[in-house]
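Reader: I am new to this structure and would be grateful for a close look at a single part of it. Please choose one region and describe how its pieces fit with what surrounds them.

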Amino acid sequence: IDRHATPPIPLVVEGIMFTTADDRLMAFDVYNGVRLWDRLISGVDRSGLPIATSNMAACGVVTATSRSEKEPENGTDADRPDRSQSHFPLYVVVDDRECWEIDSRTGTTLRVHKPPHRDGADRDLWAWIATDGRRLYGSRAVIGDNRPDIQHSDELFAIDLEPGQLR
């Protein structure tokens, strides 16, 4: 990925770093650098994003651990929190048209979310994305008439993640 084309910044949640490359989504353990999973997904890389933004969002909550949540004091593996039971979804915008809900541990696609439809629009696109674990927040992108590389948002929305309904 051309680092001068303002690609997505990596996202770190619960000790897992998510990052993109050319049509590739990857997850790494931040403690030891081990690749947890790697998927080829056409359109997962974006460019032209505003500084310090991304096309990924997650809200991690450790649901169960076999060790203490206390961070290691001496940096040994034995003292490190066990992240193997961490389970939360990663949300990633793909090809600006869909937001994929992905299992953070396995990289498996769980669901696909679409932005709300705008009457008269030839296509509905995702722009900004965030989550608080209960809702997926987004903005709908509008492409500039004269400059297709410039977009702005015309609507903010939220999707309840349990029923999957637009709010």
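Author: A salt bridge is counted here when a side-chain nitrogen of Lys or Arg lies within 4 Å of a carboxyl oxygen of Asp or Glu. The model is predicted, so to speak of local features requires pLDDT of at least 70 and side-chain atom pairs require 80 or more, whereas totals for chains, interfaces and linings use all residues. Residues are numbered from 1 along each chain as its sequence is written, and side-chain values use heavy atoms, with hydrogens and water left out.

One such salt bridge joins Lys-114 to Glu-98, with 2.9 Å between the closest N and O atoms. Lys-114 belongs to the loop between S8 and strand S9 (125-131), while Glu-98 belongs to strand S7, so this pair ties together parts that are 16 residues apart in sequence. A strand here is a DSSP run of E with at least two residues, numbered from the N terminus. Glu-98 has a relative accessibility of 21% and therefore counts as partly exposed; the term buried is used under 20%, exposed over 50%, and partly exposed in between (1.4 Å probe, protein chains only).

The salt bridge leads to the part chosen for this answer, the sheet that contains S7. This open sheet is built from 4 strands in the order S5-S6-S7-S8, with antiparallel pairing; two strands pair if DSSP finds at least two bridges between them. S5 and S8 are its edge strands, each of them pairing on one side only.

At one edge, S5 is joined to S6 by 3 bridges, and the two run antiparallel. Ala-57 has Tyr-91 in S6 as its bridge partner. At the other edge, strand S7 (residues 98-103) and strand S8 (residues 109-113) are antiparallel and share 4 bridges. Ile-102 is the residue that stands opposite Thr-109 in S8. S7 and S8 make a hairpin with 5 residues between them, and in the turn Gly-107 has a positive phi of about 80 degrees.

In a regular strand, side chains alternate between the two faces of the sheet. The packing around the sheet can be followed through the cores. A nonpolar core is a set of buried Ala, Val, Leu, Ile, Met, Phe, Trp, Tyr and Cys residues joined through side-chain atoms within 4.5 Å. The largest core has 17 residues, and the members that touch the most others are Phe-18, Leu-25, Leu-90, Val-92 and Ile-102. At least two residues of this core come from each of strand S1 (11-13), S2, strand S3 (24-29), S5, S6 and S7. S6 gives the largest share, 3 residues.

Val-92 shows these surroundings from the viewpoint of one residue. Leaving aside residues up to four places away in sequence, Val-92 touches Leu-25, Val-44, Asn-55, Met-56, Glu-98, Cys-99, Trp-100 and Ile-102, where contact means heavy atoms within 4.5 Å. Glu-98, the salt-bridge partner of Lys-114, is thus named again among the residues that Val-92 touches. A second, separate core has 10 residues, including Tyr-91, Cys-99, Leu-136 and Phe-157. Tyr-91 is also the bridge partner of Ala-57, and Cys-99 is also in contact with Val-92.

Phe-18, named above in the largest core, leads on to an aromatic group. Rings of Phe, Tyr and Trp (its six-membered ring) pair if their centres lie within 6.5 Å; planes under 30 degrees apart count as stacked, over 60 as edge-to-face and the rest as tilted. This rule gives 3 aromatic pairs. In one of them, Phe-18 and Trp-37 are tilted, at 6.2 Å centre to centre and with 45 degrees between the planes. Phe-18 is in strand S2 (residues 16-21) and Trp-37 in strand S4 (residues 35-40), so the pair ties together parts that are 19 residues apart in sequence. Both Phe-18 and Trp-37 are buried.

The rings of Phe-18 and Phe-88 also pair: their centres are 6.2 Å apart and their planes stand at 90 degrees, so the pair is edge-to-face. Phe-88 lies in the loop between strand S5 (56-58) and strand S6 (89-94) and Phe-18 in strand S2, so this pair ties together parts that are 70 residues apart in sequence. Phe-18, at 0% relative accessibility, counts as buried, and Phe-88, at 2%, counts as buried as well. Phe-18, Trp-37 and Phe-88 form one aromatic cluster.
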